[in-house]
Amino acid sequence: MASQDWFEKDFYATLGVPADAEADAIKREYRKLARQYHPDQNAGDAVAEQKFKEVGEAYSVLSDPEQRRQYDAIRQMARGGARFAPGAGGAGGGFEDVFSHLFTGGAGGPGLRFTTTGGGQQPDMEDLLRMFGGAGAGSPFDGYGAYGASQGPRPGADVQATVTIGFSEAVRGDTVSLTAGDGERITTRIPAGVKDGQRIRLRGKGRQGDPGAARGDLMLTVHVRPHEVFGRDGDHLTVDLPVTFAEAALGATVKVPTLGGELVGVRLRPGTQSGQKLRVKGRGVARKDTTGDLIATVKVMVPTELSDAARAAVETLAAETADEDVRVDLRARAARE
């Protein structure tokens with residue numbers, strides 16, 4: 001905030017305290033107003049948001065003894081209308097040696113004297129500070145920029161956090177509770193479909209800034225525990241589907257488990273090969289506009305033990321298909337350069 005603004009703003013009125021209010025009274029009124037106008041209590045209320053900023057701005061000045069002293073002096077000068085005259089220091093009536101007071105800690109600074117008039121325009125801060133060669137180091141306006149422009153209240157810092165959730169919770173969305181660095185308890189919603197390692201920005205959940213400044217954000221990294229049955233391919237869920245040799249060869253309707261626990265029937269065509277993919281529509285990750293599918297990959301299971309009757313049946317099958325060469329295509333492709 002530029003010191004020029006101090007001529008036009010009544011920080012005491014903003015906080016509702018008299019000009020001679022003690023520091024404790026100023027702090028008490030600030031806390032009351034900050035709670036009243038805090039954005040968390042007035043979501044979407046632009047008027048309350050502006051009030052909150054004004055209250056914070058006023059407190060940032062009046063809570064600092066040095067800034068308050070400067071503000072009081074400048075406000076007094078603004079009420080009288082200042083006029084400067086060079087010359088030796090000396091006593092004068094009314095408001096004298098304000099800037100001498102600011103720069104030396106008391107009246108009677110060398111080479112400066114000013115008197116007041118009943119009217120006149122408010123002095124320009126650039127003109128005033130130019131008389132002193134600008135606001136350099138050691139000046140009470142040091143840190144206010146070229147000629148009184150403040151850097152303003154500092155916003156709060158962003159903070160980093162991590163959370164680990166289950167596979168199902170990541171697909172459907174979940175509500176988690178976190179403990180911030182200052183001990184504050186934060187509850188937030190993890191959106192449906194979040195991926196392992198994804199970062200989510202929680203605005204206004206970071207560290208507190210200076211009074212009147214925006215709070216920092218919380219950068220939350222989400223880790224997802226793997227599922228022992230289901231996998232993820234974008235918004236599609238994946239699952240390996242074991243089938244028997246007979247089901248794959250003859251065709252069948254088999255049950256596929258979904259993430260919610262429901263079993264859904266899918267049709268195997270006769271001659272279904274191991275590795276073939278079957279699609280179950282709408283059983284993947286649900287987004288606002290779209291929903292993924294469940295992709296089942298067929299795994300033909302070869303029996304490890306056979307009864308005498310089963311062995312005889314397989315031997316019969318082998319004899320019936322002895323003329324078929326299932327590796328002819330493999331040899332042909334392998335021979336290509």
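1. Let me start with a pairing that is easy to find on screen. Strand β9 (residues 236–244) and strand β13 (residues 294–301) run parallel to each other, and eight bridges join them. If you want a single place to look, Pro-242 has Lys-299 in β13 as its bridge partner. Please keep in mind throughout that this is a predicted model.

2. That pair belongs to an open sheet of four strands, ordered β8-β9-β13-β12, with mixed pairing. The edges are taken by β8 (231–233) and β12 (277–280); each has a single partner strand, so one side of each has no neighbour in the sheet. On average, neighbouring strands here are turned by 40° against each other, direction ignored.

3. There is also an open sheet of three strands, again with mixed pairing, in the order β3-β7-β6. Its edge strands are β3 (159–165) and β6 (198–202), each of which pairs on one side only. The twist from one strand to the next averages 30°. Within this sheet, β3 and β7 (residues 218–224) are parallel partners over seven bridges.

4. Thr-221 is a handy residue for inspecting that sheet. Thr-221 sits in strand β7, and Thr-162 stands opposite Thr-221. With neighbours within four places in sequence set aside, the contacts of Thr-221 are Ala-161, Thr-162, Val-163, Gly-197, Gln-198 and Arg-199. Is Thr-221 buried or exposed? Its relative accessible area is 16%, and the cut-off for buried is under 20%, so Thr-221 counts as buried.

5. Next, a look at the nonpolar interior. The largest nonpolar core has 36 residues, and Ile-165, Ile-190, Val-222 and Leu-241 have the most contacts inside it. Not counting residues up to four places away in sequence, Val-222 touches Val-163, Ile-165, Ile-190, Val-194, Lys-195, Asp-196, Gly-197, Gln-198 and Ile-200. A second core, separate from this one, has 21 residues, including Ile-26, Ala-48, Ala-58 and Leu-62. As background, nonpolar side chains tend to be buried together in soluble globular proteins.

6. Strand β5 (residues 185–190) shows an alternating pattern worth colouring by accessibility. Ile-186, Thr-188 and Ile-190 point to one face and are buried, whereas Arg-185, Thr-187 and Arg-189 point to the other face and are not. This fits the general rule that side chains in a regular strand alternate between the two faces of the sheet. Strand β4 (residues 174–179) runs antiparallel to β5, and six bridges join the two. One of the matched positions is Val-176, whose bridge partner in β5 is Thr-188.

7. Now the aromatic side chains. How many aromatic pairs does a search of the whole structure find? The search returns three. In one of them, the ring centres of Tyr-30 and Tyr-59 are 4.1 Å apart and the planes lie at 10°, so the pair is stacked. This pair links distant parts of the chain, with Tyr-30 in helix α2 and Tyr-59 in helix α3, 29 residues apart. Both tyrosines, Tyr-30 and Tyr-59, are buried. Elsewhere, ring pairs connect Phe-11, Tyr-12 and Tyr-71 into a cluster.

8. A few polar residues deserve a closer look, beginning with Asn-42. Asn-42 lies in the loop between α2 (23–37) and α3 (46–62), and with a relative accessible area of 19% it is buried. A polar atom of the Asn-42 side chain is 3.0 Å from the backbone oxygen of Gln-36. Leaving out neighbours within four places in sequence, Asn-42 is in contact with Gln-36, Tyr-37 and Ala-48.

9. Arg-215 is found in the loop between β6 and β7. Arg-215 is buried too, with a relative accessible area of 19%. Its side chain reaches the backbone oxygen of Gly-206 at 2.5 Å. The C-alpha atoms of Arg-215 and Asp-158 are separated by 8.3 Å, while the two residues are 57 apart along the chain.

10. Last on my list is Gln-70, in helix α4 (residues 65–80). Gln-70 counts as buried, at 1% relative accessibility. Between the C-alpha atoms of Gln-70 and Trp-6 there are 9.5 Å, and along the chain these residues are 64 apart.

How values were computed: Residues are numbered from 1 along each chain as its sequence is written. This is a predicted model: local features need pLDDT of at least 70, side-chain atom pairs count only at pLDDT 80 or more; totals for chains, interfaces and linings use all residues. Side-chain values use heavy atoms; hydrogens and water are left out. Buried means under 20% relative accessible area, exposed over 50%, partly exposed in between (1.4 Å probe, protein chains only). A polar contact is a pair of N or O atoms within 3.5 Å; within protein, one must be able to donate a hydrogen and the other to accept it, and residues adjacent in sequence count only if both atoms are side-chain atoms. Contact means heavy atoms within 4.5 Å. Two strands pair if DSSP finds at least two bridges between them. Axes are lines fitted to C-alpha atoms, for helices over the stretch in contact, and angles run from 0 to 180 degrees between N-to-C directions. Rings of Phe, Tyr and Trp (its six-membered ring) pair if their centres lie within 6.5 Å; planes under 30 degrees apart count as stacked, over 60 as edge-to-face and the rest as tilted. A nonpolar core is a set of buried Ala, Val, Leu, Ile, Met, Phe, Trp, Tyr and Cys residues joined through side-chain atoms within 4.5 Å.
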